[in-house]
Amino acid sequence: MSVAKVIEINAASATSIEDAVKQGLKKTSESVKGIRGVWVSEIKAAVGDNGDIKEWRVNLRITFVVE
């Protein structure tokens, strides 16, 4: 029998939504082992004074197996 746990993190990137997800997973995998999946539960964008998007932000739910 296996048991899984879900944690929620926030990640950001000035490049793209995909990069924000990748950066969040990369950082989380430094301390969490056995990651099996990720769910992007929310996407946000920070807007600069000129109306351009300056940063993409994502909330991630990351699932991993408890050993």
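**Reading one helix and three strands**

Q: At the start of H1, which backbone nitrogen does a side-chain oxygen of Ser16 reach?
A: The general idea is the polar contact: a pair of N or O atoms within 3.5 Å, where within protein one must be able to donate a hydrogen and the other to accept it, and residues adjacent in sequence count only if both atoms are side-chain atoms. Here, the Ser16 oxygen comes to within 3.0 Å of the backbone nitrogen of Asp19. Keep in mind that this is a predicted model, where local features need pLDDT of at least 70, side-chain atom pairs count only at pLDDT 80 or more, and totals for chains, interfaces and linings use all residues. Residues are numbered from 1 along each chain as its sequence is written, and side-chain values use heavy atoms, leaving out hydrogens and water.

Q: How many helices and strands does the protein chain have, and in what pattern?
A: Both come from DSSP runs, numbered from the N terminus: helices are H or I with at least four residues, strands are E with at least two. This chain has one helix and three strands, and along the sequence they read β-α-β-β.

Q: How far does H1 reach from its first C-alpha to its last?
A: The yardstick is an expected span of 1.5 Å times one less than the number of residues. H1 covers residues 17–29, so 13 residues, and reaches 18 Å, close to the 18 Å expected.

Q: Which residues of H1 are buried, and which are exposed on the other side?
A: Go by relative accessible area: under 20% is buried, over 50% is exposed, and in between is partly exposed (1.4 Å probe, protein chains only). In H1 the buried ones are Ala20, Val21, Gly24 and Thr28. They sit on the same side of H1 because they cover an arc of only 100° around the axis, judged by the directions from the helix axis to the C-beta atoms. Over on the other side, Glu18 and Lys26 are exposed.

Q: What covers the buried residues of H1?
A: Look for contacts, meaning heavy atoms within 4.5 Å. The cover includes strand E1 (3–13), strand E2 (35–47) and strand E3 (53–66). Take Thr28 in H1: its relative accessible area is 8%, so Thr28 is buried. Not counting residues up to four places away in sequence, Thr28 touches Ile7, Ile9, Ile35 and Ile62.

Q: And in the strands, is Asn59 buried or exposed?
A: Asn59, in strand E3, is buried because its relative accessibility is 10%. Beyond its neighbours within four places in sequence, Asn59 has contacts including Glu8, Ile9, Trp39 and Val40. Val6 in strand E1 has 49% relative accessibility, so Val6 is partly exposed. With neighbours within four places set aside, Val6 contacts Arg61, Ile62 and Thr63.

Q: What radius of gyration does the protein chain have?
A: The value is taken over C-alpha atoms, and the globule rule is 2.2 Å times the number of residues to the power 0.38. A compact globule of 67 residues would come out near 11 Å, but this chain has 14 Å. The C-alpha trace spans about 55 × 20 × 15 Å along its principal axes. Buried residues make up 22% of the 67.
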